[in-house]
Amino acid sequence: GRGRGRGKIEDKEWIPVTKLGRLVKDGKIKQLEDIYLFSIPIKEAEIIDFFIGPQLKDEVLKIMPVQKQTRAGQRTRFKAFVAMGDNNGHVGLGVKCSKEVATAIRGAIVLAKLSITPVRFGYWGNKIGSPHTVPCKVTGKCGSVLVRLIPAPRGTGIVSAPVPKKLLHMAGVSDCYTCAQGQTATLGNFAKATFEAITKTYTYLTPDLWPDVPLGKPPFQEFTDYLAKNAQHTTQQAAITSET
């Protein structure tokens with residue numbers, strides 16, 4: 001019957017298909033921030049699982065039916081919005097459309113993992129204790145929805161509508177004021193605008209980031225010999241697995 005043995009898919013051993021995946025699995029890259037530092041695109045969701053898998057929490061924001069008009073009538077599919085974060089500086093948003101709800105949610109979870117970005121924290125006033133809010137005012141826009149995140153004093157909490165509140169909480173922001181304009185009832189655009197604003201926290205070069213920090217070699221350059229040596233072995237291993 002349907003739905004039997006769903007868990008067995010997860011038990012398979014991860015065989016990386018990208019160079020980055022191979023470096024991560026073999027322990028050459030120690031943390032997720034090393035990947036972000038060199039802006040390397042993450043193409044495998046397992047890379048995120050490898051580093052912050054246990055801490056990640058996901059929440060389905062909305063499942064909405066979308067229709068396409070055909071000669072035979074309408075074709076209905078389901079669109080899922082999934083937010084994901086570890087409450088400690090990483091957040092992602094995934095959107096997936098599929099014929100079945102379960103497939104859409106599964107796909108959205110994978111896309112949310114792939115879209116996970118680092119969040120920069122800052123202070124509202126004096127730099128006392130750990131950072132607790134956004135470092136400066138940031139804005140994100142999607143469709144007509146414009147979301148602005150404003151630093152707030154410690155203890156304020158997240159002053160916002162339910163959708164941005166979930167995303168900010170998953171990102172690990174403790175205190176934040178928000179300001180929204182446009183058609184915020186369109187949940188998809190509201191979530192995307194908030195996610196864009198959160199992503200922008202690392203795009204502002206504040207004075208405390210002015211000192212010149214020497215950048216090391218990118219991972220692909222540093223481990224180029226290792227990758228060349230293992231490429232042949234990995235290809236053979238993948239071929240054997242696909243045959244069995």
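Five bridges tie strand S5 to strand S6, and the two run antiparallel. Strands here are DSSP runs of E with at least two residues, helices are runs of H or I with at least four, and both are numbered from the N terminus. Two strands count as paired if DSSP finds at least two bridges between them. A word on the ground rules: this is a predicted model, where local features need pLDDT of at least 70 and side-chain atom pairs count only at pLDDT 80 or more, while totals for chains, interfaces and linings use all residues. Numbering starts from 1 along each chain as its sequence is written, and side-chain values use heavy atoms, with hydrogens and water left out.

**Hairpins and the sheet**

Back to S5 and S6: they make a hairpin with two residues between them, and Gly-143 in the turn has a positive phi of about 65 degrees. Gly-140 sits opposite Val-147 in S6. In a regular strand the side chains alternate between the two faces of the sheet. S5 follows that pattern: Val-138, Gly-140 and Cys-142 point to one face and are buried, whereas Thr-139 and Lys-141 point to the other and are not. Buried means under 20% relative accessible area, exposed means over 50%, and partly exposed is in between (1.4 Å probe, protein chains only).

Elsewhere, four strands form an open sheet in the order S1-S2-S3-S4, with antiparallel pairing. S1 and strand S4 (117-118) stand at the edges with a single partner strand each, so one side of each has no neighbour in the sheet. S1 and S2 form a hairpin with two residues between them. In the hairpin of S2 and S3, there are four residues between the strands, and Asn-87 takes a positive phi near 60 degrees.

Here are three antiparallel pairings side by side:

| Pairing | Bridges | Example of residues opposite each other |
|---|---|---|
| S1 (residues 57-70) and S2 | 13 bridges | Glu-59 and Ala-83 |
| S2 and S3 | Eight bridges | Gly-85 and Val-91 |
| S5 and S6 | Five bridges | Gly-140 and Val-147 |

Another bridge partner of S2 and S3 worth listing: Lys-79 goes with Cys-97 in S3.

**The cores**

A nonpolar core is a set of buried Ala, Val, Leu, Ile, Met, Phe, Trp, Tyr and Cys residues joined through side-chain atoms within 4.5 Å. The largest one has 28 residues, and those touching the most other members are Leu-61, Val-91, Leu-93, Leu-149, Leu-167, Leu-168 and Ile-198. Two or more residues come from each of strand S2 (73-85), strand S3 (90-98), strand S5 (138-142), strand S6 (145-151), helix H5 (162-171) and helix H6 (187-199). H6 gives the most, with seven residues. Take Leu-61: leaving out residues up to four places away in sequence, it touches Phe-81, Val-82, Ala-83, Leu-93, Lys-166, Leu-187 and Ala-191, where contact means heavy atoms within 4.5 Å. Apart from this core lies another, of 26 residues, among them Leu-23, Ile-47, Ala-80 and Ile-116.

**Helix H3 and His-90**

Which residues of helix H3 (residues 45-52) are buried? They are Ala-45, Ile-47, Ile-48, Phe-51 and Ile-52. These cover an arc of only 155 degrees around the axis, so they lie on the same side of H3; the arc is taken over directions from the helix axis to the C-beta atoms. Their cover includes helix H1 (19-25), helix H2 (32-37), S3 and helix H4 (101-114).

His-90 lies in S3 and is buried, at 7% relative accessible area. Its side chain makes a polar contact of 2.9 Å with the side chain of Glu-33 and another, also listed at 2.9 Å, with that of Asp-86. A polar contact is a pair of N or O atoms within 3.5 Å; within protein, one must be able to donate a hydrogen and the other to accept it, and residues adjacent in sequence count only if both atoms are side-chain atoms. Beyond residues up to four places away in sequence, His-90 touches others including Leu-32, Tyr-36, Ile-52, Ile-116 and Met-170.

**Cysteines**

With a disulfide taken as a pair of cysteine sulfur atoms within 2.5 Å, the count comes to zero. Cys-136 is in none, since the nearest cysteine sulfur, that of Cys-176, is 11 Å away. Cys-136 counts as buried at 18% relative accessibility. Why is Cys-142 not bonded to Cys-97? Their sulfurs are 16 Å apart, too far for a bond, and Cys-97 has the closest cysteine sulfur. Cys-142 is buried as well, with a relative accessible area of 17%.
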